[in-house]
Structures are given as structure tokens and as C-alpha cells.
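Me: I would like to go through this structure and ask, for each label attached to it, what the label rests on. Please set the values against the cut-offs wherever a conclusion depends on them.

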Amino acid sequence: LDADLLAVIPAFSRHPSLKHLMLGKNFNIKGRVLDEILQKLVHLVQEEECALQSLSLADSRLRHRGTVLVNALGSNACLRKVDLSGNLLEDSGAKMLSKALQINTTLRSVTWDRNNTTGVGFQDVARALD
């Protein structure tokens with residue numbers, strides 16, 4: 001989907017029956033367009049009437065740009081499951097995830113694999129889960 005996600009993501013929010021969204025490997029975009037798409041995703045998961053229960057962005061290689069979405073998980077009230085594996089979010093993404101997990105009360109499953117996270121990043125997440 002790549003840059004077409006700019007038009008597609010807002011359409012998802014108009015479908016209250018949509019419960020699971022898997023967008024992995026659809027982010028072969030650079031620069032400002034990727035930032036705009038991620039902002040639309042943030043808006044989608046933070047909507048008051050969000051019906052999504054699971055979101056997968058697996059293997060999208062979002063790198064540091066993906067932290068904006070990880071940060072948004074803190075104020076998300078609809079997602080129960082999120083897959084962020086294969087995004088190379090590193091320790092900075094893990095730190096954002098730890099902050100989001102301290103606030104979020106609805107997430108039940110987070111898949112965090114292949115993100116180049118070191119022991120320091122995992123310790124941040126472990127402290128948040130305490």
C-alpha cells in the first residue's frame with residue numbers, strides 16, 4: 001500500500017466493525033509521507049470510538065519514526081494486542097513502550113521481536129510491568 005495508506009487509514013476509522021488490522025510490510029516510504037501516515041495511525045488508535053482490538057505493524061522497519069506510535073499506546077483505550085516486531089525500534093522504542101505500559105490498562109499482548117533491543121531496553125520494559 002505504501003503511500004496509499006494516507007488515504008486508506010482514515011477510511012478504517014469509519015468502519016466500526018473493523019477489529020483487527022494487519023499492515024505489516026506496507027511502509028516502504030521515506031520522509032514526510034511516512035510521518036504523516038504514522039500520525040494518521042496515532043489518530044486512529046486514539047479515537048474515542050476506536051473499535052480496533054489488534055494492530056500489527058510487523059516487519060515494517062519503522063526505526064525511530066515508529067516511536068510516535070509506541071508513545072500513543074499509552075493513551076490508547078481500545079487495543080488489546082499489538083505486534084511491533086521487526087521495526088528496529090531499539091532501546092529508545094523500548095523506553096517509550098515502558099512508559100506506555102505504565103499508563104495503558106487495556107493492552108494484554110505486545111509482540112516485540114527483532115527490534116535490536118538490548119538488555120537495557122528490556123530492563124526498562126520489565127520495570128514498567130512491575
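Reply: Let me begin with a term: a residue is called buried when its relative accessible area is under 20%, exposed when that area is over 50%, and partly exposed in between. In this sense Cys50 is buried, and so is Cys78. The model is a predicted one, and the values discussed here are computed from it.

Me: What makes the link of Cys50 and Cys78 a disulfide?

Reply: The S to S distance between Cys50 and Cys78 is 2.4 Å, and a pair of cysteine sulfur atoms counts as a disulfide within 2.5 Å, so the pair meets the criterion. A search of the whole structure finds one disulfide. The link of Cys50 and Cys78 is right-handed, with 55° about the S-S bond. This pair links distant parts of the chain, 28 residues apart, with Cys50 in the loop between H2 and S2 and Cys78 in the loop between H3 and strand S3 (81–83).

Me: Why is Thr106 called buried?

Reply: Thr106 has a relative accessibility of 17%, and the limit for buried is under 20%, so the label applies to Thr106. Thr106 lies in the loop between H4 and strand S4 (109–111). Not counting residues up to four places away in sequence, Thr106 touches Asn76, Ala77, Cys78, Leu79 and Arg80.

Me: How do you know that Thr106 and Leu79 are close enough for the distance cut-off of a polar contact?

Reply: A polar atom of the Thr106 side chain lies 3.2 Å from the backbone oxygen of Leu79, and the cut-off for such a pair is within 3.5 Å, so the distance satisfies it.

Me: Why is Leu57 called buried?

Reply: The relative accessible area of Leu57 is 0%, and buried requires a value under 20%, so Leu57 qualifies. The place of Leu57 is in the loop between S2 and H3. Leaving aside neighbours within four places in sequence, Leu57 is in contact with ten residues' worth of surroundings that include Leu23, Phe27, Leu41 and Leu84.Me: Which residues touch the most other members of the largest nonpolar core?

Reply: Of the 36 residues in that core, Leu23, Phe27, Leu41, Leu57, Leu73, Leu79 and Leu84 touch the most other members. The elements that give two or more residues to this core are H1, H2, H3, helix H4 (90–103) and helix H5 (119–129), and the largest share, seven residues, comes from H2. As for Leu73, its contacts beyond four places in sequence include Leu79, Val82, Leu84, Leu97 and Leu107.

Me: What makes the buried residues of helix H1 line one face?

Reply: The buried residues of helix H1 (residues 5–12) are Leu5, Ile9 and Phe12. Seen down the axis of H1, these residues fall within an arc of 55°, so they line one face of the helix. What covers them includes strand S1 (20–22) and helix H2 (31–46).

Me: How do you know that Glu36 and Arg32 form a salt bridge?

Reply: The closest N and O atoms of Glu36 and Arg32 are 2.8 Å apart, and a salt bridge needs a side-chain nitrogen of Lys or Arg within 4 Å of a carboxyl oxygen of Asp or Glu, so the pair meets the criterion. Both residues lie in helix H2, four residues apart, about one turn of the helix. The structure holds six salt bridges.

Me: Why is Arg32 called exposed, and why is Glu36 called partly exposed?

Reply: Arg32 has 63% relative accessibility, and exposed means over 50%, so Arg32 takes that label. Glu36 has a relative accessible area of 30%, and partly exposed covers the range between 20% and 50%, so Glu36 falls there.

Me: What makes the pair of Arg65 and Asp35 a salt bridge?

Reply: The N to O distance between the side chains of Arg65 and Asp35 is 2.7 Å, and the limit is within 4 Å, so the pair counts as a salt bridge. This pair links distant parts of the chain, 30 residues apart, with Arg65 in the loop between strand S2 (54–56) and helix H3 (67–72) and Asp35 in helix H2. Arg65 is partly exposed at 27%, and Asp35 is partly exposed at 32%.

Terms used: Residues are numbered from 1 along each chain as its sequence is written. This is a predicted model: local features need pLDDT of at least 70, side-chain atom pairs count only at pLDDT 80 or more; totals for chains, interfaces and linings use all residues. Side-chain values use heavy atoms; hydrogens and water are left out. Buried means under 20% relative accessible area, exposed over 50%, partly exposed in between (1.4 Å probe, protein chains only). The arc is that of the directions from the helix axis to the C-beta atoms. Contact means heavy atoms within 4.5 Å. A nonpolar core is a set of buried Ala, Val, Leu, Ile, Met, Phe, Trp, Tyr and Cys residues joined through side-chain atoms within 4.5 Å. A polar contact is a pair of N or O atoms within 3.5 Å; within protein, one must be able to donate a hydrogen and the other to accept it, and residues adjacent in sequence count only if both atoms are side-chain atoms.
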